[in-house]
Structures are given as structure tokens and as C-alpha cells.
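Trainee: Could we go through this structure together? I should like to begin with a loop residue and then move on to other topics.

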Amino acid sequence: MTQQRPFVIVGAGLAGARAAQMLREEGFDGRIVLLGEETERPYERPALSKGLLLRTTERDSVHVHDAGWYANHDVDLRTDTRVTALDRRSRQVTAADGQRFHYDRLLLATGSRARALPIPGAHLDGVLRLRTLADSDRISDALVDGANVVIVGAGWIGLEVAAAARTRGATVTVVETADLPLQRVLGDQLATVFADLHRAHGVTFHFGAQVHEFQGANRVTAVLLADGTVLPADLVVVGVGVQPNTELAEEAGLAVDNGVLVDDTLRTSDPDIWAAGDLANAHHPLLGTRVRVEHWANALHSGPAAARGMLGQAVSYDRLPYFYTDQYELGMEYTGHAPPGSYDRVVVRGELTSGEFIAFWTAQGRVLAGMNVNVWEVTGPIRQLIRSRQHVDLDRLADPTVALDSLIRQG
């Protein structure tokens with residue numbers, strides 16, 4: 001029997017697109033409406049700061065589905081459609097152009113947006129942020145040989161843009177308020193690896209530095225630091241983090257705190273509304289805490305999990321956070337969750353200076369997270385070590401001759 005219940009998905013990114021796909025794969029034959037604010041059909045974001053900037057990735061390859069998939073699977077994809085209101089009582093969402101969409105069940109996958117720097121000159125041409133495909137296009141066009149590129153923020157996005165810019169011949173300066181890149185995420189020992197990597201490729205860092213002003217008439221020409229240093233700039237990329245797009249949920253009265261609060265089924269405080277991707281601050285049943293993950297893998301998997309929940313299936317979303325990066329000759333995968341203060345020791349398997357190693361963040365002999373650098377096909381054992389919550393021999397953990405899976409006790 002055909003189901004008439006309309007399911008609406010607000011947010012046509014990876015999480016939303018994959019949710020729509022899962023609904024169809026699980027046999028839902030009711031109406032699916034997928035509403036996206038951008039003019040592009042759903043796409044994946046990792047290449048925006050990697051292959052697209054390096055021009056090693058074809059632009060059309062980043063889309064989640066081919067152009068005909070949505071019509072072929074009876075998914076009503078509406079691009080260039082910004083949802084401005086959510087009325088839980090009437091169970092409908094309203095778009096900026098006045099269109100209203102009734103829902104039986106609703107998925108919020110509105111993602112996040114790049115933070116701006118509220119300083120003089122932030123409006124100038126050439127001061128860009130990287131969040132959308134259009135942003136990536138603009139930055140890529142500006143990465144010409146010899147250009148002076150200033151990057152504000154030495155997080156993952158900032159460092160990936162720096163690597164692409166240097167590879168394409170630009171002069172790159174990175175300004176960071178902390179003492180090292182990725183210091184809060186990785187700690188001093190591992191953060192130094194990334195600082196050394198970029199210095200070896202000609203990147204100049206200004207650590208412990210604040211940007212005071214972007215200078216120029218109509219287009220940026222320089223960056224003024226708080227200490228008076230002036231950095232010439234043909235392009236500025238601001239990479240100081242993102243903030244979840246919670247406004248729609250907040251105005252509708254959903255529980256919000258650093259994202260939309262959801263349980264381990266990705267259900268919000270309203271039993272007919274789910275949230276997925278960057279937006280969702282989810283209770284993690286394994287970690288025993290709330291986690292909001294801003295990376296590709298979370299969007300890839302949480303969208304389908306939410307879709308299954310919308311169908312009434314048993315769901316407990318307990319995937320470990322995972323992300324990866326590619327910078328110059330360094331490829332890395334990180335699995336787990338080890339925020340500052342949660343670990344007491346970092347164990348390194350291999351030599352940091354060799355360019356091939358695995359680092360483990362541990363607490364009282366338990367592995368919380370692992371980062372494999374240019375060492376492949378080990379995420380499975382790393383994930384098992386974390387999920388087992390077992391105490392491990394840290395000397396054996398550090399020994400490259402000991403197989404990782406041998407450290408996991410069975411039973």
C-alpha cells in the first residue's frame with residue numbers, strides 16, 4: 001500500500017541526500033521533499049579544501065548523486081530554497097518565497113556555516129571563507145603562482161588550504177592565535193609534526209597572533225596584525241571554525257545547545273523531528289557524552305541512521321568520530337574522541353620524524369583515539385581497541401612489531 005505520509009528534509013547536503021537515499025532503499029514510497037539553500041544539487045565537502053583546490057579532482061565528481069537520481073527515485077529536490085520557519089503545531093516548514101511544505105516527519109540537516117571575523121575590512125574583495133562549492137571555486141581561481149595568500153586559522157581547513165596554495169606556487173602565511181597548529185585537537189607533540197611539515201614546504205607561521213584589520217580600498221591588499229606586523233595579501237582565507245545553523249530549530253522551540261540536542265536515535269525534543277550531520281549534538285551511547293561532529297563521515301552515516309529512525313526502525317547511532325586529511329605527502333586518518341583533558345598519555349607507534357606512525361591518545365591504559373599517518377588499513381583495529389574499552393599494555397601498543405589486533409582480548 002502506498003504511504004501518503006510526506007517526509008521533509010531541510011538541508012540538501014550529504015546528510016540530507018543520504019537520508020533520502022536510505023528512505024527509498026528501506027522501501028518508503030511516500031513523498032520525500034529535499035530542500036536545499038544552495039543552487040547546487042547535494043555534494044560532498046572534503047574535496048573543497050583538497051582536490052578541487054589542487055585541481056586534481058573533477059568538479060562534477062563531488063556530487064552525491066548524478067543529476068537524474070532524484071527524479072528517478074521520486075525525490076522532490078528543491079535547490080535555491082531557503083527555509084525560514086518551522087511550525088511544529090501545523091507540522092509545516094515555510095520557505096523564503098512563501099512556499100509551505102507539510103511534513104509527517106521532518107529531518108533537519110541544515111549543517112553549519114563558516115565563522116566570520118568581525119574586524120575592519122572583512123567585507124573586502126579577496127577576503128574569503130571556505131564552506132561551499134562556490135567558495136572553493138573562488139579560492140581556487142585566486143591560487144595563482146606567486147600570489148600572496150594569508151590564511152587566518154591553523155585548523156584542518158586552514159592547513160589544507162595552505163598545502164594546496166603552496167603546491168600551486170603561492171606564497172603562504174598562516175596566522176594563528178594558539179602556539180601551534182591544531183594544538184587543541186592534537187596536543188603539542190603531534191601539533192609540532194604539522195608545523196614542521198608546513199615549514200618544510202615554505203609556509204610562514206605567526207603564532208600567538210591576532211588579526212587587527214584587513215586593509216585595502218575595494219580589494220584586500222594587506223593584513224594588519226595586532227602587534228603592528230603588516231602582511232601583503234592578494235587573497236585572505238578565514239578559517240576560524242564553523243557554527244551550527246540552529247536558528248530554525250531555536251525559533252521553533254527545539255532543545256538547542258551547541259547544536260540541536262538529539263538522543264542516540266538522532267531524535268530531537270520533538271518526537272516527529274530528527275537532526276543529523278554537523279547540526280546534531282548527539283548523545284553517544286559508547287562515549288557516554290554528547291558529541292557534535294563536523295566531519296564528512298558523520299554526515300555520511302548519520303543521515304541514513306536518522307532516516308531509519310524516521311521509519312520507526314531501531315537505531316542507536318554509536319559510530320566513532322572519524323576524519324582524514326591530505327597535506328603534501330602526508331595522509332592521515334583519525335578515529336575516536338579525545339578532547340583536551342580526557343587523556344593522560346599519548347603513545348606513538350613508530351617515529352614521528354619518519355613520516356609513518358600511529359599515535360594513540362590513552363587514559364588509564366584505555367585507547368580513546370588513534371591517528372594513523374601514512375600507515376594504512378589500520379582503522380579497523382584502532383576502532384576495535386577504542387570500542388573494547390579494554391586496558392592495553394602501552395609498551396606493546398607502541399611496538400610496531402606487535403599486531404594491533406593481538407592487543408584486543410576476545411570474549
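Mentor: Certainly. This is a predicted model. Asp-74 is exposed, with a relative accessible area of 55%.

Trainee: Where does Asp-74 lie?

Mentor: Asp-74 sits in the loop that connects α3 (69-72) with β3 (75-78).

Trainee: What is the phi of Asp-74 near?

Mentor: The phi of Asp-74 is near 55°, which is a positive value in a residue other than glycine. Tyr-328 also has a positive phi, of about 55°, and is not a glycine.

Trainee: And where is the place of Tyr-328?

Mentor: Tyr-328 is found in the loop between β22 (322-327) and β23 (330-336). Tyr-328 counts as partly exposed, at 22% relative accessibility.

Trainee: Changing topic, how many salt bridges does the structure hold?

Mentor: The structure has 19 salt bridges. One of them joins Arg-5 to Asp-104, with the closest N and O atoms 3.7 Å apart.

Trainee: Which parts does that pair tie together?

Mentor: Arg-5 is in the segment before β1 (7-10) and Asp-104 is in the loop between β6 (100-102) and β7 (105-108), so the bridge ties together parts 99 residues apart in sequence. Arg-5 is partly exposed at 30% relative accessibility, and Asp-104 is partly exposed at 22%.

Trainee: Which residues are linked with them in a network of salt bridges?

Mentor: The network links Arg-5, Arg-91, Asp-104 and Asp-272.

Trainee: What about salt bridges within a helix, such as Arg-138 with Asp-135 in α4?

Mentor: Both residues belong to helix α4 (residues 133-142) and are three residues apart, about one turn of the helix. Their closest N and O atoms are 2.6 Å apart.

Trainee: Is Asp-135 buried or exposed?

Mentor: Asp-135 counts as buried, at 13% relative accessibility. Its partner Arg-138 is partly exposed, with a relative accessible area of 42%.

Trainee: What separates Asp-196 and Arg-199 in helix α7?

Mentor: About one helical turn separates them, because they are three residues apart in helix α7 (residues 188-200). Their side chains meet in a salt bridge at 3.9 Å, N to O.

Trainee: Finally, into which domains is the protein divided?

Mentor: The division gives domain 1 (7-113 + 242-311), domain 2 (127-238) and domain 3 (333-407). The C-alpha centres of domain 1 and domain 3 are 32 Å apart.

Trainee: Which residues does UniProt list for "domain: Reductase C-terminal"?

Mentor: The unreviewed UniProt entry lists residues 322-407. Over those residues the chain is 16% helix and 42% strand.

Note on methods:
Residues numbered from 1 in each chain as written. Predicted model: local features only at pLDDT ≥ 70, side-chain atom pairs only at ≥ 80, totals over all residues. Heavy atoms only, no water. UniProt positions renumbered as here; feature names shortened; annotations may be inferred. Helix = DSSP H or I, 4+ residues; strand = E, 2+ residues; numbered from the N terminus. Domains from an automatic or database assignment. Buried < 20%, exposed > 50% of the residue type's maximum accessible area, 1.4 Å probe, protein only. Salt bridge = Lys/Arg side-chain N within 4 Å of Asp/Glu carboxyl O.
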